[in-house]
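Q: Could you take a close look at one part of this chain with me? I am new to reading structures, so please set that part in the whole chain before going into detail.

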Amino acid sequence: MARQSSPLPVLQHDPKADVLAEYLAEKNSPLADYAGILSRMPNWKLILGIAHAESNLCKKTDRNNCWGIGPGSPFYYDDISESLYYVNYLIEKYQTLGMRN
């Protein structure tokens, strides 16, 4: 179901990913394992903020849906990375339509 938007740049060492992984690990968030993906997304701050509000940084979800995406009940994703790409795609879609965060 998730549609991957533009490819993410590949970096040998990403200091932002390291800091983000450390922060998420301190919060005991499952997102810590995805810090490298998250840090390269253009909307990473908004994505993280939504995850914090909706699922306590992905600690309170059984569907790999840290963002509460879905009409009625949240969509189910096979893994968190799939839902990361989908939430980034949705944010980019809304921004393209002129909506801002």
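A: Read from the N terminus, the chain's elements follow the order α-α-α-α. That is 4 helices, with 0 strands. Please keep in mind that what you see is a predicted model. Its mean pLDDT is 88, and 87% of the residues reach 70 or more. Between the elements, α3 has the highest mean pLDDT, at 96, while the lowest, at 93, belongs to α4.

A little more about the whole chain will help. Of its 101 residues, 38% are buried. The accessible surface adds up to about 6,100 Å², and carbon and sulfur atoms account for 51% of that. If you take the contacts between residues at least 6 apart in sequence, 52% of them join residues at least 24 apart.

Now for the close look, which begins with the cysteines. The chain has 1 disulfide, and its partners are C58 and C66. Their sulfur atoms lie 1.7 Å apart, which is within the 2.5 Å limit used for calling a disulfide. If you look along the S-S bond, the angle about it is -40°, making this link left-handed. Is this pair buried or exposed? Both C58 and C66 are buried.

Next, find D62 and R63 in your view. The chain has 1 salt bridge, and it is the side chains of R63 and D62 that make it, with 3.9 Å from N to O. That distance counts because the limit for a salt bridge is 4 Å. The two partners can be described by how much of each is accessible. D62 has a relative accessible area of 66%, so it is classed as exposed. R63 has 31%, and therefore it is classed as partly exposed.

From here, move on to N64 and look for D79. These two are 15 residues apart along the chain, yet their C-alpha atoms are separated by 5.6 Å. D79 belongs to the loop that links α3, residues 44–55, with α4. Like R63, D79 has a relative accessible area of 31%, which means D79 is partly exposed too.

The other side of α3 is worth a visit as well. There you will find N43, in the loop between α2, which covers residues 35–39, and α3. Why does N43 count as buried? Because its relative accessibility is 8%, and buried means under 20%. Setting aside residues up to four places away in sequence, N43 touches N88, I91, E92 and Q95. You can match those numbers with α4, which runs over residues 80–96.

Last, follow the chain past α4. M99 is placed in the segment after this helix. With a relative accessibility of 44%, M99 is partly exposed. Together with Y94 and L97, M99 forms a nonpolar patch on the surface. The accessible area of Y94, L97 and M99 together is about 320 Å².

To gather the main stops of the tour: the disulfide joins C58 and C66, the salt bridge joins R63 and D62, and the C-alpha atoms of N64 and D79 are 5.6 Å apart. N43 is buried, and Y94, L97 and M99 make the nonpolar surface patch.

Methods. Residues numbered from 1 in each chain as written. Predicted model: local features only at pLDDT ≥ 70, side-chain atom pairs only at ≥ 80, totals over all residues. Heavy atoms only, no water. Patch = residues over 30% accessible without salt bridge, like charges linked within 9 Å, V, L, I, M, F, W, Y side chains within 5 Å. Areas by Shrake-Rupley, 256 points an atom, 1.4 Å probe, with all protein chains shown as cover. Helix = DSSP H or I, 4+ residues; strand = E, 2+ residues; numbered from the N terminus. Buried < 20%, exposed > 50% of the residue type's maximum accessible area, 1.4 Å probe, protein only. Contact = heavy atoms within 4.5 Å. pLDDT = per-residue confidence, 0-100.
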